[in-house]
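Notebook open, sequence and model loaded. I want to look up who packs against whom.

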Amino acid sequence: MADIRLTVLDPAGLHQRPAAQVVRTAARFQSQITLHVGDRSADVKSLIALLGMTIRPLAEITLTADGPDAADALAALLEELGQSVELSPGSSERPPLN
Amino acid sequence: MVGLVLVSHSLMIAEGLREMAAQVAGNDVPIATAGGTEDGRLGTSAPRIAAAIRATLDAGADGTLILLDLGSAGLSLELALEEFGPAERSRLLVSEAPLVEGAILAAVQASIGAALAEVASAADGAAAMAKMPKD
């Protein structure tokens, strides 16, 4: 299991286009990838689940990945999100598997 | 890759939706449109729908999900489907999903290489999608 904590910077939040890119990137990996906001969570490989989360600007989100390519998956998602997010303090760009 | 056909009474709705779907799904998903009538009025046309379906099959789509707006679009589609034999019909599915949301969800699902049944299932999720933020 690996995780990264992010702050959403995009003034529109995680809206349709980046959400779709995230789904397409996540689909390349075997790992189960989940996005958490507060006490809610969504399967990152499902666009309808992601759009249902309503991720607003400045929201703190956590991405967790569980599987053989978990670290690679999170690194790819971080790259895909680019300027839309920033790593929260203390969160590693390339989290160690634990 | 599964393709999509977008059927609307309005050419502009169909074309605008194709633009939105391509933006989220990239250009690999074959998307064809049948908007309006042959003479440029609001309405649907069985020959235009059949041509759009044919275009996706000819583009090498593994299957095609057809999404439509309302009313007589279904009647025109019924006529259009008569143009296709059993082998081609087996590669076609008609979605009951609302057109806009269904097309976006289907396009993204198709873009990740999902099979026709999975793309159709993703589109079906559109019916329960909330319009307004829940929190």
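I call two residues in contact if their C-beta atoms, placed from the backbone, lie within 7 Å. This is a predicted model: local features need pLDDT of at least 70 and side-chain atom pairs count only at pLDDT 80 or more, while totals for chains, interfaces and linings use all residues. Residues are numbered from 1 along each chain as its sequence is written, with chains lettered from A in the order in which they are written.

Looked up Leu67(B). Not counting residues up to four places away in sequence, Leu67(B) touches Leu4(B), Leu6(B), Val7(B), Ser95(B), Ala97(B), Leu99(B), Gly102(B), Ala103(B), Ala106(B) and Ala123(B).

Next, the largest nonpolar core, meaning a set of buried Ala, Val, Leu, Ile, Met, Phe, Trp, Tyr and Cys residues joined through C-beta atoms within 7 Å. Buried means that 20 or more other C-beta atoms lie within 10 Å of a residue's own. I find 73 residues in this core, and Leu4(B), Leu67(B), Ala106(B) and Ala107(B) touch the most other members. H5(B) gives the most to the core, with eight residues; helices here are DSSP runs (H or I, at least four residues) and strands are too (E, at least two), numbered from the N terminus.

Then helix H6 of chain B, residues 116-124: I list Leu116(B), Val119(B), Ala120(B), Ala122(B) and Ala123(B) as buried. They line one face of H6(B), because they fall within an arc of 160 degrees seen down its axis, taken from the directions from the helix axis to the C-beta atoms. What do the buried residues of H6(B) pack against? I get H2 of chain A, plus S3 (64-68), S4 (92-94) and H5 (99-111) of chain B.

Notes: Buried ≥ 20, exposed ≤ 12 C-beta atoms within 10 Å, placed from the backbone.
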